[in-house]
Each structure stands twice: as C-alpha cells, then as structure tokens.
Amino acid sequence: MPQQESAPFPLLAIRDISVAFGGIRALDGISFDLERGRILGLIGPNGAGKTTLFNCLSRLYTPTSGDILFEGKSILKRAASRMAEIGIGRTFQNLASFSRLSVRDNIRVGAHCRARTDMLSDGLRLPRMRRAEERINGIVDELIAYLELSSVADLPMAGLPFGTLKRAEMARALAVGPKLLLLDEPAGGLNHDEIGELGRLIRRMRDDRAVTVLLVEHHMNLVMGVSDKVVVLNFGRKICEGDPAGVQSDVEVIRAYLGDGKS
Ligand SMILES: Nc1ncnc2c1ncn2[C@@H]1O[C@H](COP(=O)(O)OP(=O)(O)OP(=O)(O)O)[C@@H](O)[C@H]1O
Ligand SMILES: [Mg+2]
C-alpha cells in the first residue's frame, strides 16, 4: 500500500458539511478524512445522504455550510468540469460513455483532458503537439492492457456486455490520471463473479497506481471486502466510522440497517 504518512494533511477532508433540500437535512454536519492510498466505503440505508455527499464531492451540489478540502485546499469554488485537472476523477452510475464511439476513443476522451494543458501551452508548435498525441496514445494503450480491453478496444461501446462497459468506464476515469477516484455504486448491475472482479480491480488500482478511492456502494460484501475505512450515514448524520469489522459489529449501524424506528 502506498504510504505517505508524512503528508501534512489528508488527501480529502470533509469538514462539517450540511445540505438542506427545503425542510430535509440531507446531510447534517458530516466530517471525515480520507488519507492518501486508502479505500473508503461510504454506506447507509436508503435516503441516508450518500448520493448527496457524492454530488458535493463532484461539485454538482454546494453544501449550505462546511468545507471540502482536497490536498488542503477548498474545492467549493471550483466548477464540476474542472475537477479532473486537480486530480479528482469519477465514474458514473449510468455509464456516461459515448455509446457510438469505440472503447478506445472513450478512453481517449479521458486522456485528452489530462494532456490538455500541454496542448494549450504548446499552441501551434506542431512537434510538441505530436508528442502530446503520442503521450495520449501511450496512456490509452496502457489502460486498454491494464483493464483487459484489448479484444473490444475498437468496437463501439453500444452492445458490449455490462461488465465490459464498467471496465471501459473505469479506464476512462483512470485516463484522467486521478489521485482520488470517486466510484458511484460501481457494483450496480454486475453479477456475483463480476463483483468479485471489481473488488480485486479496486484494490489493484490502489496498490499499483496509487489511486485513493471513495466508494459509495450498497453491496455490503464488496464494501467490507475492499475498504480500509467505512463511514456510515443515516438520516444525513454520520453514525459510525471505522474499519469494516468494527463497523459491522456496531450496535447503531445494525439498528440503522434493521430499521427498528428508533434512529
Ligand atoms: N434533489 C433533491 N431534492 C430534494 N430532496 C432530495 C434531493 N436529493 C436527495 N434528497 C433527499 O435527501 C435525502 C438523502 O438522499 P440521498 O439521495 O443522498 O440518499 P442515499 O443515501 O443516496 O439513498 P439511496 O441509498 O436510496 O440512493 C433523502 O431524504 C432524499 O429524499
Ligand atoms: Mg443514492
């Protein structure tokens, strides 16, 4: 596991954030840290606030109070479209890929975003642009191999099996070169074997690409199997934070999931 314990602040710090929709407090004073090189699972019963928090992180929502710090700096003034360039990547639950483009071209879209700075600063200096293009090709080829997409690389996304689409979506997200990868219910629609594969892939990305992961997921076996730390929300509040074993035996967590009406 990549260790950078000497870093002065966590990669991601959620500081006392609240979000209200009309009278509903979807998030109520949530705080937690995510250290570099760790996998954090965010769970909770339906309506707990998981998607709301995910949407704050990807800047679709702005919290009514509190702050979100990435590498020690607030991201709240940054537009959703400019998160990739600081190193925050995400996957989409309903696969936001361009279905008529090939797998390869979808991954290129992600890689272009990473190389854009080179392109802009190089202006019309063609040899440099060619070098940027070569760099993009290199990133794309490497990810196609890494995610075992070689046999489908030149096929259109439309019509590919769901498990393959999910791997292609992951490759697109990785092409951005994220330090932090936000995964929104990645197990949705996958079968048992594919979920096992996904779990191994998440660990592998962390281990050999130094990607820190925040995983919002309903599938308990996946979350408990891959996470270093689990944060549990219920009715917009954090009710528990700890390692998977501790969280699974926590009385308040058990009560929240069994729904005895007291929480
Ligand atoms: N755009 C919105 N407008 C109004 N209320 C909302 C909105 N989004 C979420 N909520 C409410 O905020 C609360 C938290 O919802 P959220 O979708 O974040 O929960 P969740 O943990 O993702 O649930 P699920 O497991 O069902 O996906 C719920 O009471 C929900 O009804
Ligand atoms: Mg949700």
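Six strands make up an open sheet in the order S6-S7-S8-S3-S9-S10, and the pairing in it is mixed. Its edge strands are S6 and S10 (237-242), each of which pairs on one side only. Direction ignored, neighbouring strands of this sheet are turned by 20° against each other on average, with each axis being a line fitted to C-alpha atoms (helices use the stretch in contact, and angles run from 0 to 180 degrees between N-to-C directions). A quick word on vocabulary: helices (H or I, at least four residues) and strands (E, at least two) are DSSP runs numbered from the N terminus, and two strands pair if DSSP finds at least two bridges between them. In general, strands of a sheet pair through backbone hydrogen bonds, either parallel or antiparallel.

Before we go on, keep in mind that this is a predicted model, where local features need pLDDT of at least 70, side-chain atom pairs count only at pLDDT 80 or more, and totals for chains, interfaces and linings use all residues. Residues are numbered from 1 along each chain as its sequence is written, while chains are lettered from A and ligands numbered from 1 in the order in which they are written.

Let's walk into that sheet. S6 (residues 88-90) and S7 (residues 180-184) pair in the parallel sense over 3 bridges, and Ile-88 stands opposite Leu-180 in S7. On to the next pair: S7 and S8 (residues 212-216) are also parallel, with 5 bridges, and here Asp-184 stands opposite Val-216 in S8. How do you get from S7 to S8? Follow helix H5 (residues 192-209): S7, H5 and S8 make a right-handed β-α-β unit. Right-handed means that, with the strands pointing away from the viewer, the path from the first strand over the helix to the second runs clockwise. Towards the other end of the sheet, S9 (residues 229-234) and S10 run antiparallel and are joined by 5 bridges; Asn-234 has Arg-237 in S10 as its bridge partner.

Now look at how S7 sits. 5 of the 5 residues of S7 are buried, so this strand is largely enclosed by the rest of the structure. Buried here means that 20 or more other C-beta atoms lie within 10 Å of a residue's own; 12 or fewer makes it exposed, anything in between partly exposed, and C-beta atoms are placed from the backbone. Both faces of S7 are covered, with Leu-180, Leu-182 and Asp-184 on one side and Leu-181 and Leu-183 on the other.

Next door, in S8, you'll find Leu-215. Leu-215 is buried, with 26 other C-beta atoms within 10 Å. Its C-alpha atom is separated by 4.8 Å from that of Leu-183, although the two are 32 residues apart along the chain. Leaving aside neighbours within four places in sequence, the contacts of Leu-215 include Ile-39, Leu-42, Ile-202 and Val-223, a contact being two C-beta atoms, placed from the backbone, within 7 Å.

There's another sheet to visit. It is open too, with 4 strands in the order S2-S1-S4-S5 and antiparallel pairing. S2 and S5 (73-74) are its edge strands, each pairing on one side only. S4 (residues 65-70) and S5 are joined by 2 bridges, and Phe-70 has Lys-73 in S5 as its bridge partner. Asp-16, which belongs to S1, has a positive phi of about 55° although it is not a glycine.

Helix H1 lies across S1 (12-21), S2 and S4, running at about 60° to S2. Is H1 enclosed or open? 6 of its 8 residues are buried, so H1 is largely enclosed by the rest of the structure. Among these buried residues are Lys-50, Thr-52 and Phe-54. Just after H1 comes Arg-59, whose phi is positive, near 70°.

H1 also brings us to ligand 1. The residues around ligand 1 include Phe-21, Ile-24, Asn-46, Lys-50 and Thr-51, where a residue counts if its C-beta atom, placed from the backbone, lies within 6 Å. S2 (24-34) and H1 (50-57) each supply at least two residues of this shell, and H1 gives the most, with 3.

Finally, step back to the whole chain. It has 8 helices and 10 strands, and buried residues make up 38% of its 263 residues.
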